[in-house]
Amino acid sequence: MEIYELKDKIESIETTLHGLEGLLDINTLKETIQSLEEKTYEANFWDHHEEANKTIEILKMHKQKLNQYESLTELLDTLKISLELLEMDETVETLEEDIKKFDRLLESFETSLYLNASYDHFNAI
């Protein structure tokens, strides 16, 4: 791929990732995680085991989404830095392959978001 093609691909990936940020509503997600964590610190949290387990599962699910999103954001930053190095005539041998890998990760993450309970009314997963 030529540099302009790599740049276009990274920009497209960035647009998709920012769209997912809106879908996830990152600030609300962080607030929900904090609220659920605070709930687990309450003295009587384990008095109702089924409810406590549901809360822990929801907390775990939210943390996983946030961690995946943050990991993708960090990887995107790395791709952008690699592109800048390439534009300055530095050798970045794996950029094209890294973009392909990132694209697959992003697609998988996007699919999992759309096919989770909030958006999947027919229980696809």
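## Exercises on a predicted model

I81 has its place in helix α3, residues 49-87. Helices here are DSSP runs (H or I, at least four residues), numbered from the N terminus. This is a predicted model, where local features need pLDDT of at least 70, side-chain atom pairs count only at pLDDT 80 or more, and totals for chains, interfaces and linings use all residues. Residues are numbered from 1 along each chain as its sequence is written, and side-chain values use heavy atoms, with hydrogens and water left out.

**Exercise 1.** Find the residues that contribute most contacts inside the largest nonpolar core, and the helices behind this core.

*Solution.* Start with the term: a nonpolar core is a set of buried (under 20% relative accessible area, 1.4 Å probe, protein chains only) Ala, Val, Leu, Ile, Met, Phe, Trp, Tyr and Cys residues joined through side-chain atoms within 4.5 Å. Next, the largest one has 25 residues, and L17, L95, I99, F102, L106 and F109 have the most contacts inside it. Two or more residues come from each of α1, α2 (26-40), α3 and α4 (95-114). Finally, α3 gives the most, with eight residues. As background, nonpolar side chains tend to be buried together in soluble globular proteins.

**Exercise 2.** Decide whether E96 is buried, partly exposed or exposed.

*Solution.* First locate E96: it lies in helix α4. Then take its relative accessible area, 30%. Partly exposed covers the range between under 20% (buried) and over 50% (exposed), so E96 is partly exposed.

**Exercise 3.** Work out how far E96 is from E70 in sequence and in space.

*Solution.* Along the sequence, E96 and E70 are 26 residues apart. In space, C-alpha to C-alpha, the two are 22 Å apart.
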